[in-house]
Amino acid sequence: MSETTEETTTAAADGINADGLTPAVLASVGSVALALYFYYVRGDKQRGQFVGFWPVTILGLASYFKLEEIKQMLAEQDE
């Protein structure tokens, strides 16, 4: 690895939230709790299953946007 590649990798790693508790993660945990509430407490299994798909979608979108952010940051460093 060249020094520029190492610097780029280090900068990208520094931009990632170290604690991992982003709003997307918190929203996903909340939607899991909501899905369990609908499924078991209220007995509405269909709504519980529907809400249970939200965390996957939320985390997928968060991953996409984070990758786009890293891609843009790397493109700016190449210029």
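**Briefing: a predicted helical chain**

Read along the sequence, the chain follows the pattern α-α-α-α. The structure is a predicted model, and its chain holds four helices and zero strands. The mean pLDDT of the chain is 85. A nonpolar patch of about 820 Å² lies on the surface, with its largest share coming from helix H2.

**Confidence**
- A pLDDT of 70 or more is reached by 76% of the residues in the chain.
- Among the elements, helix H3, which spans residues 45-52, has the highest mean pLDDT, at 96.
- Helix H1, covering residues 3-15, has the lowest mean pLDDT among the elements, at 59.

**Burial, surface and contacts**
- The chain has 79 residues, of which 14% count as buried.
- About 6200 Å² of the chain is exposed, and carbon and sulfur atoms supply 62% of that area.
- Of the contacts in the chain with a separation of 6 or more, 54% are between residues 24 or more positions apart.

**The nonpolar surface patch**
- The patch is made by Val-32, Leu-34, Leu-36, Tyr-37, Tyr-40, Val-41, Phe-50 and Trp-54.
- Helix H2, which runs over residues 23-41, contributes six residues to the patch.
- One of the patch residues is Tyr-37, and this residue lies in helix H2.
- Tyr-37 counts as partly exposed because its relative accessibility is 39%, a value between the limits of 20% for buried and 50% for exposed.

Key
Residues numbered from 1 in each chain as written. Predicted model: local features only at pLDDT ≥ 70, side-chain atom pairs only at ≥ 80, totals over all residues. Heavy atoms only, no water. pLDDT = per-residue confidence, 0-100. Helix = DSSP H or I, 4+ residues; strand = E, 2+ residues; numbered from the N terminus. Patch = residues over 30% accessible without salt bridge, like charges linked within 9 Å, V, L, I, M, F, W, Y side chains within 5 Å. Areas by Shrake-Rupley, 256 points an atom, 1.4 Å probe, with all protein chains shown as cover. Salt bridge = Lys/Arg side-chain N within 4 Å of Asp/Glu carboxyl O. Buried < 20%, exposed > 50% of the residue type's maximum accessible area, 1.4 Å probe, protein only. Contact = heavy atoms within 4.5 Å.
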